[in-house]
Amino acid sequence: MPTQPLAAERAALSEILSRLMAEISDLETLCKHVPRVVATAVTTARVQAALSADAEPESQSTIRKLLAEVSAEEGESTW
C-alpha cells in the first residue's frame, strides 16, 4: 500500500501513459490524449507535494487552486 497520498493515482496515470505510448500508433489520437494524461499527472504530483508540506496553511489554498484548475479544464467549477 502506498505511503504517500495520491501515489496509487500517480502510478495509474503512469501506466495509462505507458500503455498509450506502447499501444497507440495514430499520431492524432496520441496528440489528443497524451497531453491530458500528462497534465493530470503533473497536477496530481503538485497536489501530493502540497499535501506533504507539513499541512501549512498555504497548502490548503494551493490544493484548492490546483483542484480548481482541474475542474476548469473539465468545464466545471465545483471547488
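Begin with helix 2. At 1.5 Å a residue, its 25 residues should span 36 Å, and the C-alpha atoms at its ends are indeed 36 Å apart. The expected and the actual span agree. Helix 2 runs over residues 27-51. The model that holds this helix is predicted.

Now step back to the whole chain. The protein has 3 helices and 0 strands. Along the sequence the pattern reads α-α-α. Helix 1 covers residues 7-23, and helix 3 covers residues 57-73.

How confident is the predictor? The average pLDDT of the protein is 79. At least 70 is reached by 77% of the residues. Confidence varies from element to element. Helix 1 has the highest mean pLDDT, 91. Helix 3 has the lowest, 72.

Next comes the surface. The protein exposes about 5800 Å². Carbon and sulfur atoms supply 57% of that area. Of the 79 residues in the protein, 18% are buried.

Which residues of helix 2 are buried? They are Leu30, Val34, Val37, Thr43, Thr44, Val47, Gln48 and Ala50. Several of these names return below.

Take the core first. In soluble globular proteins, nonpolar side chains tend to be buried together. Here the largest nonpolar core has 5 residues: Leu13, Leu20, Leu30, Val34 and Val37. Helix 1 and helix 2 are the elements that give two or more residues to this core. Helix 2 provides the largest share, 3 residues.

Leu20 shows how the core is joined up. Leaving aside residues up to four places away in sequence, Leu20 touches Leu30, His33, Val34 and Val37. Leu30, Val34 and Val37 are also on the list of buried residues in helix 2.

Follow helix 1 now, away from the core residues. Ser14 sits in helix 1. Ser14 counts as partly exposed, because its relative accessibility is 43%. Ser14 and Val37 are 23 residues apart along the chain. In space, their C-alpha atoms are separated by 8.5 Å.

Ala11 is another residue of helix 1. At 47% relative accessibility, Ala11 is partly exposed. Ala11 and Ala41 are 30 residues apart in sequence, and their C-alpha atoms lie 9.1 Å apart.

Arg10 belongs to helix 1 too. With a relative accessible area of 37%, Arg10 is partly exposed. From Arg10 to Thr40 the sequence distance is 30 residues, while the C-alpha distance is 9.0 Å. What does Arg10 touch, not counting residues up to four places away in sequence? The partners are Thr44, Ala45 and Gln48. Two of these, Thr44 and Gln48, are among the buried residues of helix 2.

Helix 1 also holds a salt bridge. The count for the model comes to 1. The pair is Glu23 and Arg19, with the closest N and O atoms 3.0 Å apart. Why do these two line up? An α-helix has 3.6 residues a turn, so residues three or four places apart point the same way. Glu23 and Arg19 are 4 residues apart in helix 1, so about one helical turn separates them. Arg19 is partly exposed, with a relative accessible area of 44%.

Return to helix 2 for one more residue. Is Thr43 buried or exposed? Thr43 has a relative accessible area of 9%, so it is buried. The cut-off for buried is under 20%. Thr43 lies in helix 2. Not counting residues up to four places away in sequence, Thr43 touches Leu66 and Val70. Residues 57-73 make up helix 3, so these contacts link helix 2 to helix 3. Finally, look at contacts across the whole protein. Among those with a separation of 6 or more, 41% join residues 24 or more positions apart.

Key: Residues are numbered from 1 along each chain as its sequence is written. This is a predicted model: local features need pLDDT of at least 70, side-chain atom pairs count only at pLDDT 80 or more; totals for chains, interfaces and linings use all residues. Side-chain values use heavy atoms; hydrogens and water are left out. Buried means under 20% relative accessible area, exposed over 50%, partly exposed in between (1.4 Å probe, protein chains only). Contact means heavy atoms within 4.5 Å. Accessible areas come from the Shrake-Rupley method with a 1.4 Å probe; for residues, only the protein chains shown count as cover. The expected span of a helix is 1.5 Å times one less than its number of residues. pLDDT is the predictor's confidence in each residue, from 0 to 100. A nonpolar core is a set of buried Ala, Val, Leu, Ile, Met, Phe, Trp, Tyr and Cys residues joined through side-chain atoms within 4.5 Å. A salt bridge is a side-chain nitrogen of Lys or Arg within 4 Å of a carboxyl oxygen of Asp or Glu.
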